[in-house]
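Please examine the sequence and the structure shown here. The report that follows treats a pair of helices and then the relation between the chains.

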2 protein chains.
Amino acid sequence: MTSKIKIALDCMGGDDAPTMVVRGADLAIERQPDIFFHLVGNQEEIMPLIKASRHLDSNNHKIIHTQKKVAADDKPSVALRGGRDTSMRLAIDLVSDGSAHGVVSAGNTGALMAMSKLSLRMCPGIERPAIASFFPTLKGESCMLDLGANIECDANNLVQFAVMGEIFARIVLGLKNPSVGLLNVGSEEQKGHEELREAATTLRELSSVMKFMGFIEGDDITAGTVDVVVTDGFSGNVALKAAEGTAIMFTHFLRGAFQSTIFTKIGYFLCKSVIRQLRERMDPRRYNGAVFLGLNGIAVKSHGGTDSEGFANAIGVAADMARYGFLEKVRNELGVLHDQDGK
Amino acid sequence: MTSKIKIALDCMGGDDAPTMVVRGADLAIERQPDIFFHLVGNQEEIMPLIKASRHLDSNNHKIIHTQKKVAADDKPSVALRGGRDTSMRLAIDLVSDGSAHGVVSAGNTGALMAMSKLSLRMCPGIERPAIASFFPTLKGESCMLDLGANIECDANNLVQFAVMGEIFARIVLGLKNPSVGLLNVGSEEQKGHEELREAATTLRELSSVMKFMGFIEGDDITAGTVDVVVTDGFSGNVALKAAEGTAIMFTHFLRGAFQSTIFTKIGYFLCKSVIRQLRERMDPRRYNGAVFLGLNGIAVKSHGGTDSEGFANAIGVAADMARYGFLEKVRNELGVLHDQDGK
């Protein structure tokens, strides 16, 4: 029991909660039987879902009952003040009091970030949290941070994001020596904001511990030029959403193209299975789980509109981070950094 | 002759210059016979191309001979110092001395911007130039600025970009009352950088002259939520390239999908014509022509790798801006702005 990975789930956050949360937990247990869940939410709603599950039993879960929840449109400040007994807050508190390794919620992002910062506090040596996620590229998968936690970042913040992102890529993407790039408007050394150039100088000095590739541009993100894209939360958010919007437009135009004549409809019929594969490859559910890095605990935000498959993936990310010691690795690497500073 | 739209062409800039430049001019004359060209470049290379053209004759062009050109990898500072007799600089100078309404070049972007700023100077009332371009959306076409001329912008810069972008959309997209949005990381009023909130406050006060829609997010760009997307050059560049990269990835995956089995190959054969239409719809050549707005003259940058079709489109943009009085409109609107300020 002690070797179990303990994950607290906010059962009341997300459009289809608690159904997809409990079903997601069921799926996750099937894939990683060493997980133990703290299911936080309304017992009356959760119990029947557990009964209907295939793998959830008294050995792998415990219910923490509450009827209160954070609403999707609550302001973070409101949730902070009045949300002490909500399923989201109680789930986070299980991480800060050591009962769980990590928390997963599909609820209100702003509230989750605000409560996590307050309850978990920052990881020593990290000044600001960053939102990280991964996405498909021409070469496989990459991860990017920050996706919107900080609209402005100084050079130190960016260096810390690079350190955390690199460890995240090692654990979640299973890469031995992930490459790291700083998002800029050109690859030349003199390009971009002062803080970017300063961060690049520091990261170049860390070449013994990190494969830093210098500056990259927006089109390098999906090209897979680097495994970890480091940027401030404004640019990261804009880049991510611009890419999502383009994918939506492309899919829309393609659907229209297939519908245009009887020939294209037959053509579509013949291509259906590979188009489905393509869709799966780009499936946001596979890339579900934006992770808050930099806090003194593991907190994963699942999309509000996710289903049990997507929620199980988000749980998988949190469990992997706990299993492979994400926080310990960050603390160690920062130690190395500070030792180098001291020289 | 006096009513002709006079465009100076840098015949030596771009991968396939001067061939695609002269052929592009030929195509442009076919579409808009009221254009007169100043063809700046090596006479010996240009002459045979003119002879082979269908529409270029002594009534619609004049050659300005020079053998010097700006190299694709010249630093802007080098081009500025040593580039006085280059085809690019001579073409720009034809605009500043009043011989031409606008200049089009497919050469070195940095050099074109630096030389245009020096030779044309700023449009009175505009503090900084912006790079604008247009792109496909779910609803049709939109334009965005700044795409990389300024990595940092204050609120005044953004307001001026909004004014210029709105006029640009009226002329080039043919819209009567284009809507304008400020790119941000959320649509709520309190979101984003200080300068964005300040710019939004000013733009809201201009509702009598401009359809300002407030803040938009990265996925609104291709959704076509607004006709004019206003942003600083860093975010604009990142958004544009992230979108381009996503389109490239999508096309690549789709090509792979069609090649996977004999059925999908037949399917592709049946869908070929609509896929081609789709590709044309997303064709960068249609969207060729990044325009430098804010200078006291019209300067259009064509992609370096463009062909004659793309170059003709870039000429079309410059000619339309001259024909419909882009600069006069900007000066008038800024007058209205300043009158409102005075109240």
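Is the crossing of helix 6 of chain A and helix 7 of chain A left-handed or right-handed? The crossing of these two helices is right-handed (the near helix is turned clockwise from the far one by less than a right angle; anticlockwise would be left-handed).

This is a predicted model, in which local features need pLDDT of at least 70 and side-chain atom pairs pLDDT 80 or more, while totals for chains, interfaces and linings use all residues. Residues are numbered from 1 along each chain as its sequence is written, and chains are lettered from A and ligands numbered from 1 in the order in which they are written.

Helix 6 and helix 7 of chain A pack at an angle of about 45°, with their axes 8 Å apart. Helix 6 of chain A is therefore oblique to helix 7 of chain A (neither under 35, nor over 145, nor 65 to 115 degrees). The table lists the residues that meet (C-beta atoms, placed from the backbone, within 7 Å).

| Helix of chain A | Residue range | Residues in the contact |
|---|---|---|
| Helix 6 | residues 155–172 | A:A155, A:L158, A:V159, A:A162 |
| Helix 7 | residues 194–205 | A:E195, A:E198, A:A199, A:T202, A:L203 |

Between the chains, the contact takes 47 residues from chain B and 47 residues from chain A. On the side of chain B that touches chain A, the largest share, 20 residues, comes from helix 9 of chain B.

Chain B can be laid on chain A with an RMSD of 0.0 Å by a turn of 180° and a shift of 0.0 Å along the axis. That is the relation of a two-fold axis. In chain B, the C-alpha of B:G267 is nearest the axis, 1.8 Å from it.

Conventions. Contact = placed C-beta atoms within 7 Å. Helix = DSSP H or I, 4+ residues; strand = E, 2+ residues; numbered from the N terminus. Axes fitted to C-alpha atoms, helices over the stretch in contact; angles between N-to-C directions. Least-squares fit on C-alpha atoms with pLDDT ≥ 70 in both.
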